[in-house]
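Me: I'd like a close look at the aromatic rings, please. Start with how they pair up, then work outward to whatever else is there.

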Amino acid sequence: MDKIFYGRIDIKKASAFLFYSDQGLAKNLIHYLKYKNQPQIGQFLGNWYGQVLKDRNALNYIDIVIPVPLHKKRLKKRGYNQVSGFAQRIADHLNASYMEHILIKTANTRTQTKKNRLYRWRGMPDLYKVTHPEILCNKNVLLIDDVITTGATIEACARAIKKVKDVSVSVAAMAVVP
């Protein structure tokens, strides 16, 4: 996973729990989590991956866990952020603070799943904003997403967070497209 961001943005560590493929179990789990009102799937996966990270003593330096935010309109429509339960459980296992509203999405964009890498990258400048930068100053942040394909969403979120003084960003995801 680290190679996805190499030369694009300074990410301390990047990891994913599962591989995402068109015929795989990860696709079905995440589809049910996002579109079939099954938020407990995120909590289950977060508990599992959080325990793996804890057992491996990985990411034990994290101070704050932040989920990739949804725009308020999408959040209202779905009723929950599909990444929140996963991120909360990981924060619990890492003994880190969970902060959902410190990073916000400033515009309601269409889904990224059908867009190519260039379109995703060009469509994301300043799409995310840190609401209280003083909280992140001198902290190690773990940014959490559901599926990483090109890394454009994480890159845009990390750029917003990296505007804060002396902050480091690591990344974890439920799944990555190999």
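Reply: A search of the whole structure turns up 4 aromatic pairs; rings of Phe, Tyr and Trp (its six-membered ring) pair if their centres lie within 6.5 Å, with planes under 30 degrees apart called stacked, over 60 edge-to-face and the rest tilted. Tyr-49 and Phe-86 make a stacked pair, 6.3 Å centre to centre with 10 degrees between the planes. Tyr-49 belongs to helix 3 (residues 40–55) and Phe-86 to helix 5, so this pair ties together parts that are 37 residues apart in sequence. Helices (H or I, at least four residues) and strands (E, at least two) are DSSP runs numbered from the N terminus.

Before going further: this is a predicted model, so local features need pLDDT of at least 70 and side-chain atom pairs count only at pLDDT 80 or more, while totals for chains, interfaces and linings use all residues. Residues are numbered from 1 along each chain as its sequence is written, and side-chain values use heavy atoms, leaving out hydrogens and water.

Back to the rings. Both partners are tucked away: Tyr-49 is buried at 4% relative accessibility, and Phe-86 is buried at 0%. (Buried means under 20% relative accessible area, exposed over 50%, partly exposed in between, with a 1.4 Å probe and protein chains only.) Ring pairs also link Phe-17, Phe-44, Trp-48, Tyr-49 and Phe-86 into a cluster.

Staying with helix 5 (residues 84–94), Ala-91 is found there too, and Ala-91 is buried, with a relative accessible area of 1%. Beyond its neighbours within four places in sequence, Ala-91 is in contact (heavy atoms within 4.5 Å) with Val-65, Ala-96, Ser-97 and Tyr-98.

Helix 3 leads on to the sheet. That sheet is open, with 5 strands in the order 1-7-6-2-3 and parallel pairing; two strands pair if DSSP finds at least two bridges between them. Strand 1 (14–19) and strand 3 (97–98) are the edge strands, each pairing on one side only. Strand 6 and strand 7 run parallel over 8 bridges. Helix 3 packs on the sheet, touching strand 1 and strand 7, and its direction makes about 125 degrees with that of strand 1 (axes are lines fitted to C-alpha atoms, for helices over the stretch in contact, and angles run from 0 to 180 degrees between N-to-C directions).

Helix 8 lies across strand 2, strand 6 and strand 7, at about 160 degrees to strand 6. Since 9 of the 11 residues of helix 8 (residues 152–162) are buried, it is largely enclosed by the rest of the structure.

That brings us to the nonpolar cores (sets of buried Ala, Val, Leu, Ile, Met, Phe, Trp, Tyr and Cys residues joined through side-chain atoms within 4.5 Å). The largest has 28 residues, and Ile-66, Leu-103, Leu-136, Leu-143 and Ile-161 have the most contacts inside it. Helix 8 gives the most to this core, with 6 residues. A second, separate core of 24 residues includes Leu-45, Tyr-80, Ile-90 and Val-147. As for Ile-161, its contacts beyond four places in sequence include Ile-66, Leu-103 and Val-130.
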